[in-house]
Amino acid sequence: MDAIFIALEKSNLVVVDCRAASTDLFLDYFSEVDLPAVLKALGAALTLVMPVNHELDSVDQVQRLAEQLGNTAGYVVVRNAAHSDSFALFDSAEVRLRLKNDLGGREITMTRLRDWLVEALNRENVTITAAARHAGFSLLDRQRLQTWQRKLFAEIESAADLLLPTK
């Protein structure tokens, strides 16, 4: 994991996609290296992009990260509707209010993509951007993908100040 911070010595933006259930691994590492001191030495900021869904585990992961990192990080919660449009557990969680009111966190929404489109993307082994020009997708499915992507990009743009470095 040292490579993450080594990369920050050469670039002003580093994106790390973590595997599921890696919270303990990262929290232990951040403690070992004294994350606030490392960020200060690099003149860097850390923003955590954390998906939540209808399951309590996703809320628990957000809670644990916010408790241990506090103001050391910025927070963007992705309301991931891939499996359900219900966010009742997260909406009623104390951590949601803490993120929004105390830690300057943001929420964005990623709407559900139709199952057959997800299957087709996997079958064709293409990204949404590539699929929007791919002959294996019908005109209407290409349009659905473009519309979904446009909405997601607008959501991401609403949190750009936390996601992208300032010049």
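Two rings of Phe, Tyr or Trp count as an aromatic pair if their centres lie within 6.5 Å. The model treated here is predicted.

**Exercise 1. Aromatic rings**

Task: State how many aromatic pairs the structure holds, and which residues the ring pairs link into a cluster.

Solution.
- Step 1. Apply the distance cut-off; the structure holds 4 aromatic pairs.
- Step 2. Follow the ring pairs from residue to residue; they link Phe5, Phe26, Tyr29 and Phe30 into a cluster.

**Exercise 2. Order of the sheet**

Task: Work out the strand order of the open sheet and find which strands stand at the edges.

Solution.
- Step 1. Take strand S1 (residues 46–52) with S2. They pair in the parallel sense, over 7 bridges.
- Step 2. Check residues in this pairing. Leucine 46 stands opposite alanine 73 in S2. Valine 49 has valine 76 of S2 as its bridge partner.
- Step 3. Take S2 with strand S3 (residues 106–110). These two run parallel and are joined by 5 bridges. Here valine 78 has isoleucine 108 in S3 as its bridge partner.
- Step 4. Put the strands in line. The open sheet has 3 strands, in the order S1-S2-S3, with parallel pairing.
- Step 5. Read off the edges. S1 and S3 each have a single partner strand, so one side of each has no neighbour in the sheet.
- Step 6. Add the twist. From one strand to the next it averages 25 degrees.

**Exercise 3. The connection from S1 to S2**

Task: Name the helix that makes a β-α-β unit with S1 and S2, and give the hand of the unit.

Solution.
- Step 1. Find the helix. It is H4 (residues 56–69).
- Step 2. Assign the hand. The β-α-β unit of S1, H4 and S2 is right-handed.

**Exercise 4. Faces of the strands**

Task: Decide which residues of S1 and of S2 lie on covered faces.

Solution.
- Step 1. Split S1 into its two faces. Leu46, Leu48, Met50 and Val52 make the covered face. Thr47, Val49 and Pro51 make the uncovered one.
- Step 2. Split S2 (residues 73–80) by direction. Ala73, Tyr75, Val77 and Arg79 point one way, and Gly74, Val76, Val78 and Asn80 point the other way.
- Step 3. Test burial in S2. All of these residues are buried, whichever way they point. The count for the strand is 8 of 8.

**Exercise 5. Arginine 79 and its contacts**

Task: Describe the surroundings of arginine 79, including its ring contact and its salt bridge to glutamate 107.

Solution.
- Step 1. Check burial. The relative accessible area of arginine 79 is 13%, so this residue is buried.
- Step 2. Look for a ring. The charged end of arginine 79 sits over the ring of phenylalanine 87, 4.5 Å from the ring centre.
- Step 3. Look for an acid. Arginine 79 forms a salt bridge with glutamate 107, with the closest N and O atoms 3.2 Å apart.
- Step 4. Place the pair. Arginine 79 is in strand S2 and glutamate 107 in strand S3, 28 residues apart, so distant parts of the chain are linked.

**Exercise 6. From one salt bridge to a network**

Task: Starting at glutamate 107, trace the salt-bridge network, then examine the pair of aspartate 161 and arginine 106.

Solution.
- Step 1. Get the total. The whole structure has 8 salt bridges.
- Step 2. Check glutamate 107. Its relative accessibility is 22%, so it counts as partly exposed.
- Step 3. Find another partner. Arginine 96 meets glutamate 107 in a salt bridge of 2.6 Å, N to O. Arginine 96 lies in helix H6 (residues 94–101), so this pair ties together parts 11 residues apart in sequence.
- Step 4. Check arginine 96. At 19% relative accessibility it counts as buried.
- Step 5. Turn to aspartate 161 and arginine 106. Their closest N and O atoms are 2.7 Å apart. Aspartate 161 lies in helix H10 (residues 160–163) and arginine 106 in strand S3, so parts 55 residues apart in sequence are tied together.
- Step 6. Compare exposure. Aspartate 161 is exposed at 52% relative accessibility, while arginine 106 is partly exposed at 29%.
- Step 7. Join the bridges that share partners. Arg79, Asp91, Arg96 and Glu107 form one network.

Key: Residues are numbered from 1 along each chain as its sequence is written. This is a predicted model: local features need pLDDT of at least 70, side-chain atom pairs count only at pLDDT 80 or more; totals for chains, interfaces and linings use all residues. Side-chain values use heavy atoms; hydrogens and water are left out. Rings of Phe, Tyr and Trp (its six-membered ring) pair if their centres lie within 6.5 Å; planes under 30 degrees apart count as stacked, over 60 as edge-to-face and the rest as tilted. A charge sits over a ring if NZ of Lys or CZ of Arg is within 6 Å of the ring centre and within 35 degrees of the ring normal. Buried means under 20% relative accessible area, exposed over 50%, partly exposed in between (1.4 Å probe, protein chains only). Helices (H or I, at least four residues) and strands (E, at least two) are DSSP runs, numbered from the N terminus. Two strands pair if DSSP finds at least two bridges between them. A crossover is right-handed if, with the strands pointing away from the viewer, the path from the first strand over the helix to the second runs clockwise. Axes are lines fitted to C-alpha atoms, for helices over the stretch in contact, and angles run from 0 to 180 degrees between N-to-C directions. A salt bridge is a side-chain nitrogen of Lys or Arg within 4 Å of a carboxyl oxygen of Asp or Glu.
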